[in-house]
Amino acid sequence: MIPKPALELRYIYKNFGEKNIFTNFNLNFPEVGFATIMGPSGYGKTTLVNLMLGIHKPDHGEILGFDERKIAVVFQEDRLLEHKNGLENIMFVLRNPAKDDEDMAWELLTRTRLAKDAHKLARNYSGGMKRRLALCRALVTDFDLLILDEPFKGLDVALKPDIMALTKQRCEGKQVILITHDMQEAEYFGGYIVDISNPPLFFDEMNT
């Protein structure tokens, strides 16, 4: 198997009008496991996600390695197909789904407590249910890299530990970039934690 190139952001500059978001920003990511990005609101965490996905382009600098990955994303917004039901939302992201895929969809729905609502239209889901469905839709895919932007925000406190455990299990052996304000979430998943307001040049520096 040919190794995939490293995920790197090199010398990134990004402005929106007169507002500067990133200046000479450098970061790379571990090959396997969680890398958690934290920081105060307004420091560009979601902008960073959009840059990594190619939704926004940097004004200067290079973003490397992302094009070579199969990426699944949980955006900060749920981005569901509101006119489709829960099961259809999950199956929609699969190409030529097989029986095993549908079995996995049902397993995810069951473990996120959505199975009984699988045939309900997404527009009739509560906010927490939509968040769980958005996560199911990402976890069902055969991803190399999972990007999670505040994935557990708004979840019921009683359900959150089980949802986090499911996420950790499905991400074993994969690369994951987690955006969160919650230090307990960052510590639960382990790996590297970076404060975007004062990042290292490279993750390797955290081991020195």
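Two strands count as paired when DSSP finds at least two bridges between them, and the exercises below apply that criterion to a predicted model.

**Exercise 1. Determine how strands β1 and β2 are paired, and describe the hairpin that they form.**

Step 1: β1 covers residues 8-16 and β2 covers residues 19-28, and six bridges join the two strands in the antiparallel sense.

Step 2: One of the bridge partners can be named, since K14 is matched with F22 in β2.

Step 3: Two residues lie between the strands of this hairpin, and G17 adopts a positive phi near 65 degrees there.

**Exercise 2. Establish the strand order of the open sheet that contains three strands, and identify which strands stand at its edges.**

Step 1: β1 also pairs with β4, again in the antiparallel sense, through four bridges; within this region R10 stands opposite E62 of β4.

Step 2: The order of the open sheet is therefore β2-β1-β4, with antiparallel pairing, and β2 and β4 are its edge strands because each has a single partner strand, which leaves one side of each without a neighbour in the sheet.

Step 3: If direction is ignored, neighbouring strands of this sheet are turned against each other by 25 degrees on average.

**Exercise 3. Decide whether helix α1 is largely enclosed or open to the outside, and find what covers it.**

Step 1: With a cut-off of under 20% relative accessible area for a buried residue, seven of the eight residues of α1 are buried, so the helix is largely enclosed by the rest of the structure.

Step 2: The buried residues are K45, T47, L48, V49, N50, L51 and M52, and the elements that cover them include β1, β2, β3 (33-38), β4 (60-64), β6 and β7.

Step 3: With respect to the open sheet, α1 packs on it and touches β1, β2 and β4, while the direction of the helix makes about 120 degrees with that of β1.

Step 4: Just after α1, G54 takes a positive phi of about 80 degrees.

**Exercise 4. Contrast the surroundings of L51 with those of H83.**

Step 1: L51 belongs to helix α1, residues 45-52, whereas H83 is found in the loop between β5 (71-74) and α2 (86-92).

Step 2: The relative accessible area of L51 is 2%, so this residue is buried; that of H83 is 52%, so H83 is exposed.

Step 3: Apart from residues up to four places away in sequence, L51 touches I12, K14, F22, H56, K57, P58 and I63, while H83, with neighbours within four places likewise left aside, is in contact with L121 and R123.

Step 4: The C-alpha atoms of L51 and K14 are 9.2 Å apart, although 37 residues separate the two in sequence, and those of H83 and Q169, 86 residues apart along the chain, are separated by 30 Å.

**Exercise 5. Locate the largest nonpolar core and the elements that supply it.**

Step 1: This core has 37 residues, and L133, L146 and F152 are those with the most contacts inside it.

Step 2: At least two core residues come from each of β5, α2, α3 (99-111), α4 (127-139), β6 (145-149), α5 (160-170) and β7 (175-179), and α4 provides the largest share, seven residues.

Step 3: Beyond four places in sequence, the contacts of F152 are L135, K160, I163, M164, T167, L178, E185 and F189.

Step 4: A second, separate core has 21 residues, including A35, L48, I177 and I196.

Key: Residues are numbered from 1 along each chain as its sequence is written. This is a predicted model: local features need pLDDT of at least 70, side-chain atom pairs count only at pLDDT 80 or more; totals for chains, interfaces and linings use all residues. Side-chain values use heavy atoms; hydrogens and water are left out. Buried means under 20% relative accessible area, exposed over 50%, partly exposed in between (1.4 Å probe, protein chains only). Contact means heavy atoms within 4.5 Å. A nonpolar core is a set of buried Ala, Val, Leu, Ile, Met, Phe, Trp, Tyr and Cys residues joined through side-chain atoms within 4.5 Å. Axes are lines fitted to C-alpha atoms, for helices over the stretch in contact, and angles run from 0 to 180 degrees between N-to-C directions.
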